[in-house]
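Subject: The structure, and some notes to go with it

Hello,

Here is the structure I promised to pass on to you. Please open it in your viewer and keep it beside this email while you read.

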Amino acid sequence: MPFQPHYTPEPVFSRLGEGFYDVVQSAEFPEHIVRFKNERWAERMGLGELDESAWIQHFGRFEPLDGNLPQPLALRYHGHQFRNYNPNLGDGRGFLFAQLRDPLDQRLLDLATKGSGQTPWSRGADGRLTLKGGFREALATEMLEALGVYTSKTFSLVETGESLTRYDEPSPTRACVLVRLGHSHVRFGSFQRHAYLEHHERLRQLVEFSVEHYMPHLQDEKDLPSAFLREVVMRSADLCASWMAAGFVHGVLNTDNMNICGESFDYGPYRFLPHYDPHFTAAYFDDYGLYAYGRQPVAVFWNLQQLALSLQPLADSADLVKALQFYEDVFAQAMTRHFLHRLGLLEQGHKKDMDLVSATFAFLEASQIEFEQFFFDWYGGHTSEARAKESPMSSKYRGEAFQLWFEMVGEYLPKDAKSLEHAYFQRPRPCGLLIDEIEALWAPVAQEDDWTGFQEKLAAIREKGEALGHVAADARYPGPHAASLAYEPLNAS
């Protein structure tokens with residue numbers, strides 16, 4: 001089998017043993033049509049030379065990768081869903097298929113599935129994923145990666161030839177199995193499960209496992225549970241700030257949809273903002289706006305509080321509270337960093353940068369300009385003034401809120417003025433991903449099996465990622481841009 005020399009299997013999750021997972025098997029599918037293969041990340045992980053037959057063998061039929069897990073593992077967890085505790089969760093339509101070491105930055109990464117069939121945690125459901133659901137997730141992960149959000153990657157999408165019945169879209173509908181590449185599927189709910197069942201030794205074991213494999217710089221800490229929580233708090237605060245700067249609404253911020261590494265994953269009813277609106281929701285079933293755009297920082301903190309409660313059997317409550325208190329400052333600092341990065345500007349100091357972020361929100365709210373167009377027009381600050389005057393939104397750049405913002409941004413230097421020479425910035429409009437466009441891209445797939453628009457959109461998204469410095473132009477050699485997506489521990493002082 002043509003695995004590349006830098007393919008580095010490291011299947012460690014099974015070492016946790018009984019109580020953390022169930023050994024399962026994939027469903028058998030009548031067809032296997034490869035619809036998306038992430039060539040860039042396959043190359044990076046040493047799987048880039050697999051031909052289509054081998055790709056289907058491993059990511060459609062789920063025959064084990066060399067040196068990896070001999071059988072898939074459905075992980076066990078609990079979770080709060082819209083703040084209601086559910087002890088009947090777990091991997092119900094997915095499993096952990098393999099674990100690998102990233103040769104570029106040495107992270108332990110998972111290959112895990114969605115739509116691979118029933119498990120002991122399916123709760124009567126069919127364990128499948130609609131093709132449209134996989135299509136949407138592929139677009140989400142590509143766009144978030146292009147925007148610099150620390151996200152799971154859609155690694156593979158294979159249509160399976162089955163017809164599914166769903167109440168929330170026209171049925172019957174096509175099915176697929178999706179494979180994610182992600183930095184751990186250890187969720188907040190993984191800890192909640194063992195706390196709920198009063199399995200305190202397993203809880204301790206999971207903390208030690210998490211630190212060993214995902215936070216080794218903490219291994220000498222005397223109070224490991226509190227240090228672990230502090231690290232998760234900081235990573236989660238940074239993630240949430242990156243969502244806010246991206247204008248992204250996750251939609252389902254349940255505790256089982258947050259992992260310990262501060263990586264975004266599991267994209268169901270997500271949305272990108274058409275314009276600034278703190279009340280904008282993604283999920284049609286979020287009747288009270290619990291996970292609206294403007295409430296995401298509160299939702300993430302609430303989830304962290306639930307993680308802290310689950311760690312109480314292992315640590316002093318006062319120490320856990322201290323760990324939670326890092327959230328506000330780290331989030332505020334991350335907001336300025338991510339927003340300045342979106343504007344392509346060099347930071348000048350937290351207080352001044354925070355004032356600019358506040359002025360940005362004030363203008364976005366007053367003008368109701370298209371969210372993505374604004375950041376496209378003014379990337380690099382005053383360096384882009386001539387471009388902004390030619391923008392389809394140029395009529396919005398007036399009024400008191402704009403003048404205040406314009407004067408403030410004039411004091412900032414661009415991070416890289418040469419980036420504006422990229423072909424991406426020569427177009428009149430940015431590459432966005434609003435819901436209407438997703439539906440328009442899906443229509444030819446559903447009606448004529450025409451994937452041209454999907455492929456063209458992926459190319460445009462990757463061009464955007466290159467221009468913003470998050471996606472390397474050369475797929476075979478990811479280089480420093482791809483490496484920069486790796487998490488670096490934040491200063492805990």
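Below are my notes on what was found, grouped by topic.

One thing to keep in mind from the start is that this is a predicted model. Every value in this email was computed from that model.

**The cavities**

Let us begin inside the protein. How many cavities of 30 Å³ or more does a search of the whole structure find? There are three, and the largest has a volume of about 90 Å³.

To find the largest cavity in your viewer, select the residues that line it: Leu147, His341, Arg342, Glu372, Phe375, Phe376, Tyr379, Tyr424, Phe425, Lys464, Leu468 and His470. Sorted by class, this lining has seven nonpolar residues, three charged ones and two polar ones.

Which helices each supply at least two residues of that lining? They are helix 9 (326-342), helix 11 (371-377) and helix 15 (452-468). Helix 11 gives the most, with three residues.

**Charges over rings**

Some of the lining residues appear again here. Arg342 and Phe375 both line the largest cavity, and Arg342 lies over the face of Phe375, at 4.7 Å from the ring centre. Phe376 is also one of the lining residues. Over the ring of Phe376 sits the charged end of Arg387, 4.9 Å from the ring's centre.

**Aromatic pairs**

The structure holds 49 aromatic pairs. A pair of aromatic rings is described by the distance of the centres and the angle of the planes. Let us take one example, the pair formed by Phe301 and Tyr327. The two ring centres are 5.2 Å apart, with 40 degrees between the planes, and the pair is tilted.

What does this pair tie together? Phe301 lies in helix 7 (residues 296-310) and Tyr327 in helix 9, so the pair links parts that are 26 residues apart in sequence. The two partners also have their own accessibility values: Phe301 is partly exposed, with a relative accessible area of 25%, whereas Tyr327 is buried, at 6%.

**The cysteines**

How many disulfides does a search of the whole structure find? The search finds zero. Cys240 is in no disulfide, and the nearest cysteine sulfur to it, that of Cys261, is 17 Å away. A disulfide needs two cysteine sulfur atoms within 2.5 Å, so a separation of 17 Å rules out a disulfide between Cys240 and Cys261. Looking from the other side, Cys261 is in no disulfide either, and its nearest cysteine sulfur is that of Cys240.

Are these cysteines buried or exposed? Cys240 counts as buried, at 0% relative accessibility, and Cys261 is buried too, with a relative accessible area of 0%.

**Backbone details in the loops**

Next, please look at a few spots along the backbone. The peptide bond from Ser171 to Pro172 is cis, with omega near 0 degrees. You will find Pro172 in the loop between strand 9 (153-164) and strand 10 (173-182).

Phe62 has a positive phi of about 60 degrees although it is not a glycine. This residue is found in the loop between helix 2 (52-59) and strand 3 (73-75), and Phe62 is buried, with a relative accessible area of 6%.

Arg123 is another residue other than glycine with a positive phi, near 55 degrees. It lies in the loop between strand 7 (108-114) and strand 8 (129-130). Is Arg123 buried or exposed? Its relative accessible area is 55%, so Arg123 counts as exposed.

**Two distances to try yourself**

Finally, here are two distances you can look up in your viewer. Ser210 lies in helix 5 (residues 200-214) and counts as buried, at 0% relative accessibility. The C-alpha atoms of Ser210 and Lys415 are separated by 36 Å, and these residues are 205 apart along the chain.

For the other distance, start from Leu309, which lies in helix 7. Leu309 is partly exposed, with a relative accessible area of 48%. Between the C-alpha atoms of Leu309 and Phe371, 62 residues apart along the chain, the separation is 37 Å.

Happy exploring, and best wishes!

Key:
Residues numbered from 1 in each chain as written. Predicted model: local features only at pLDDT ≥ 70, side-chain atom pairs only at ≥ 80, totals over all residues. Heavy atoms only, no water. Buried < 20%, exposed > 50% of the residue type's maximum accessible area, 1.4 Å probe, protein only. 1 Å grid on protein atoms, 1.4 Å probe; cavity = no way out; pocket = protein on both sides within 12 Å on 5 of 7 lines; lining within 4 Å. Points joined across faces, edges and corners; volume = space filled by probe spheres on them. Helix = DSSP H or I, 4+ residues; strand = E, 2+ residues; numbered from the N terminus. Nonpolar A, V, L, I, M, F, W, Y, C, P; charged D, E, K, R; others polar. Phe/Tyr/Trp six-rings, centres within 6.5 Å; stacked < 30°, edge-to-face > 60°. Lys NZ or Arg CZ within 6 Å of the ring centre and 35° of its normal.
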